[in-house]
Structures are given as C-alpha cells and as structure tokens.
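Let's take a walk through this fold together, starting with the strands and then turning to the helices. Keep the structure open beside the text as you read.

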Amino acid sequence: AANASALAAENRVFAGTINGAAALTVMVTKAAADSTLARVVKMVAEAETQKSATQRFTDRFERVFVPVILGVVVLLLFAPFVIDETFAHSFYRAMAVLVSASPCALAIATPSAVLSGVARAARGGVLIKGGAHLETLGAITAIAFDKTGTLTEGKPQLTDVLPTQGTTETELMQTAVAVETQSDHPLAAAIVSGAASRLPAEIGRLRALNVKALVGFGVQAEIDGATVLLGKPGLFTKNETLPDEVRETIEKLQSSGRTVMVVKSANRFLGVFGLMDTPRDSAREVISELHRLGIKQSIMLTGDNQSVADAVAKQVGIRVARGDLLPEQKVAVIVQLAGSSTGVAMVGDGVNDAPAMANATVGIAMGAGGSDVALETADIALMADDLRALPFAVGLSRASRSIIRQNLWASLGMVAILIPATIFGFAGIGVAVALHEGSTLLVVVNALRLLAYRDPRALTRAVHS
C-alpha cells in the first residue's frame, strides 16, 4: 500500500472491476475523493472559473463601456432641447443606440471560444485547466522537455555490468540489488530487473539498512556495517577524484549514450552499471511537428551526462540539450525562460519535474491519468501516456487564440459601426437589432468551429492505414 503505483497491472483493482467466483481480498489505497475521476471533475469545475487574459480585458472594457453608453443614451433623450426634433424621434434614436451598443457579442466572444477549445481538448485526451492556460500555450514559442519518461520510454534497460578489478560481478550486483530494491526510481527498477535475469540465484542475499535518497545524485545505505553509495558519477566527484579505471569506464559508456551508475562500498569502488532508455517512437515526429507549428526553441533538461543528453537530443530532433542538471538547476533554467518575452512550457512526468512545471509559463504533465502530482501541479495534462497529444494541444491552442481574436474584431467592429450609424440616423432600430443579433450568432458559430479541429494523430493514423 505504501507504493501501490509500483504494482504490476494484474495486481491492481479499479472502480467497476467485476470479481468472478473466487474470494478476493482488496486493499483500498485511496479514498473516493482522491480518485482520478474525482480529481478530474474538480479540475474541470475550477477551469470554468479561471479567466484568460482576453476575458479579463473584455471585463475591464465592459466596466467602462457600459456606463459611458448609458450616459450617451440619457444625453440623446434631451436632444429636442438642442436640435429641432420631436421627443419621440429622440427616444427612438436613443433606444436604437442602446440596442446597437449592447456588448452581447463581445461578452460571449471569448467564453464561447474557450469552452469550445477546452471541450475539444478533452475529447482528444487533453485536460486544460481553464482558458488562461489555453490562450497562454498558444502564445509561447519555447518548450522544455524532461528526458526520462517524456522523450524516452521511461523504461531503462540494464545493458552493461562492469565490476572493477578485484570485484566479482556477483558481488557488484548483490550490493546494488540490496540497495535498489528499496528505491522506486526507474533506474533502480532497471538494475533490479537486469540483475534478476543475469544472476537469479544470487539476488536477495544481502540486506541494506538505513536507505536514504540523495536527491539528484543517488542512494546511500548500509550493508554489513559498511556505507554503500550508488548513483551518478557526480555523487563521487564532489569531494574526491575517481580512480582511473572507473573514470575510463564511465567515459566509454557515456560516449555510447549510456546512463551511468557507480557503486562504492566503504572506501572501495565495486563497479559501474550502464543503462539505456530508448527514445519514444513518436518523439522525433512530435518535435518536428512542434517546430512546424511555430515552436522556435525546443530544450531538453536532464540530470544525465551531457554526452548522453546530446545523443538523445540528436535522435529526437531537440535543438538544445542541457545535461548534468540537479532538480533545482532545472527550476532555475525554467524560471529564466519563463521570464523572457516568449515564455516557456515545461513537459514532464509530473513527479520529479513538478517544481519546474510549477515555475513554467505553462506546465504540461505526461500520462497524468495515474499521477496525483501531475493533476495537482500541471496546467495541462495529457491524460494518456502519448506524446503525440502535445502537437494537438499546441495546435488547438493556437487555433483558439486566432478565433478569439476574430471574435473580438467582429464584435468590437460591429459596435463601432452601429453606434455612429444609429446616432446620425443612418440605421434604425430594426437594422440595429438584426446586425446586433447577427454578430452574436456569428461569434458563437465561429467559436464552435473549434469542435471540428482536426487531430494530427487521426490524420497520421489515416495515412498509415
């Protein structure tokens, strides 16, 4: 129950599961209010109350515009005292101005587009928490990605086990497994899984105590009274120099794109592990599509060595790769980009990347359907673990911004034409009503076009089929 998310799929029970004839014991790990569905309902309710920058502008505009128009209408009622006309004519003209200046189309221009955009995103498996984030995503030109689990599969495989001279492979793997079985990090799971397939009979013979995570570096534990450190090379170079044998092994593995983990027990280095996390099949296609949509900066942020970061970035088409970053350094990079004129979206798994996502202009979580932190931290959640939903979300947000601008120009333009036309008598109240109501219908119909926005994923599937 302490780590229910790590259980295999066949050991999990979801709401609505039907049991057969046998008895079944089930442990509840979350209350009903904490379920994914309940959180989605809550997020959608909150999204309806969040106003975008354009909505806030129209609200401010209406607060000034409406009193001014009412004042003009009152003044028009006193026109017979200034010009030679009847009160009935002045009253008719004042009512025509009141009708033509009514900001109905302006009031509905942005909300109708936002609701259509959010609804279309939901149909495509993307949860957007309000119009503010829908519009903001459409304006940014920089996107930063976490590497592990976002651009890569998030399922690293153990590829190399290289003990140092005087250490056996069995000793190295036994020590590593004793520590990593108590960690939920993807690299830890890869080492345990790889060791189980290589030396199944030797696994579990040692027990680690006082296991402590060293955030951004690795793990520390005690085995038979000796302090064991397991982690990235930077864990060991802070206060000492790596032996030549270990350093050369690390350089060789990193040059081939491996993620490296070093093991040290007491004062003795036991060896080095090499792991490989393959890029997602769709990653290169997604990055290319984002560049086509107008994303000028694509950045990858990772704690892996810079050479590994460069290798992955080259494979998927990322333009800038930043490696050897601690979590706080990732946040610093995002804060700097978010403060620029372009803004930045941060795409991550919603767990380790939560601080960076929270500081980005827009935080986007991958696979948020099963991640509590993702739904709480991200502004936009890709509910399926499908990176191809990202170009869809960006394209939809850009289309939404375009339609919002069209609606604003249409509504404000109609008001700007009708007010002078009715004041100077070029249009009567009948024409004012027809054009006013027509502009309202126009902006609604224009906003509903977003519901027909084409998902690039559907087009790709159609081409391949």
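## Sheets, helices and an aromatic pair

Val-263 has Gly-271 of strand 8 as its bridge partner. That link belongs to the pairing of strand 7 (residues 259-265) with strand 8 (residues 268-276), an antiparallel match over 7 bridges. Please bear in mind throughout that this is a predicted model.

**The antiparallel sheet.** Strands 7 and 8 sit within an open sheet of 6 strands, ordered 3-8-7-6-5-4 and paired in the antiparallel sense. Strand 3 (157-163) and strand 4 (209-214) are at the edges; each has a single partner strand, so one side of each lacks a neighbour in the sheet. From one strand to the next, the twist averages 15°. Now look for helix 10 (residues 244-255): this helix lies across strand 3, strand 7 and strand 8, and runs at about 0° to strand 8.

**The mixed sheet.** A second stop is an open sheet of 7 strands, whose order is 1-13-12-11-2-9-10 and whose pairing is mixed. Here the edges are taken by strand 1 (126-128) and strand 10 (320-322), each with a single partner strand, so one side of each is left without a neighbour in the sheet. Neighbouring strands in this sheet are turned against each other by 20° on average, direction ignored.

Inside the mixed sheet, strand 2 (residues 142-146) and strand 9 (residues 297-301) run parallel and are joined by 5 bridges. If you would like one residue pair to find on screen, try Ala-142, whose bridge partner in strand 9 is Gln-297. Helix 16 (residues 389-423) lies across several strands: strand 1, strand 2, strand 11 (345-348), strand 12 (362-366) and strand 13 (380-382). With respect to strand 1, helix 16 runs at about 40°.

**Two helix pairs.** Two packed helices are described by the angle between their axes and the distance between the axes. Here are two such pairs from this model.

| Helix pair | Angle | Axis distance |
|---|---|---|
| Helix 7 (residues 169-180) and helix 8 (residues 186-198) | about 140° | 9 Å |
| Helix 4 (residues 104-123) and helix 5 (residues 131-139) | about 80° | 9 Å |

With helices 7 and 8 packed at an angle of about 140°, helix 7 is oblique to helix 8. Helix 7 passes helix 8 in a left-handed crossing. On the helix 7 side, the contact is made by Glu-169, Met-173, Ala-176, Val-177 and Glu-180, while helix 8 contributes Ala-188, Ile-191, Val-192, Gly-194, Ala-195 and Arg-198. Sorted by class, this contact holds 7 nonpolar, 1 polar and 3 charged residues.

Returning to helices 4 and 5, their angle is about 80°, which makes helix 4 roughly perpendicular to helix 5. Their contact brings together Thr-110, Val-114, Gly-117 and Val-118 of helix 4 with Gly-131, Leu-134 and Glu-135 of helix 5. By class, the contact of helix 4 with helix 5 comprises 3 nonpolar, 3 polar and 1 charged.

**An aromatic pair.** How many aromatic pairs does the structure hold? There are 3, and one of them is formed by Phe-87 and Phe-91. Their rings are 6.2 Å apart centre to centre, with 35° between the planes, and the pair is tilted. Both residues belong to helix 3 (residues 87-101) and are 4 residues apart, which means that about one helical turn separates Phe-87 from Phe-91.

Notes
Residues are numbered from 1 along each chain as its sequence is written. This is a predicted model: local features need pLDDT of at least 70, side-chain atom pairs count only at pLDDT 80 or more; totals for chains, interfaces and linings use all residues. Side-chain values use heavy atoms; hydrogens and water are left out. Two strands pair if DSSP finds at least two bridges between them. Helices (H or I, at least four residues) and strands (E, at least two) are DSSP runs, numbered from the N terminus. Axes are lines fitted to C-alpha atoms, for helices over the stretch in contact, and angles run from 0 to 180 degrees between N-to-C directions. Contact means heavy atoms within 4.5 Å. Angles under 35 degrees count as roughly parallel, over 145 as roughly antiparallel, 65 to 115 as roughly perpendicular and the rest as oblique. A crossing is left-handed if the near helix is turned anticlockwise from the far one by less than a right angle, and right-handed if clockwise. Ala, Val, Leu, Ile, Met, Phe, Trp, Tyr, Cys and Pro count as nonpolar, Asp, Glu, Lys and Arg as charged, and the others, Gly among them, as polar. Rings of Phe, Tyr and Trp (its six-membered ring) pair if their centres lie within 6.5 Å; planes under 30 degrees apart count as stacked, over 60 as edge-to-face and the rest as tilted.
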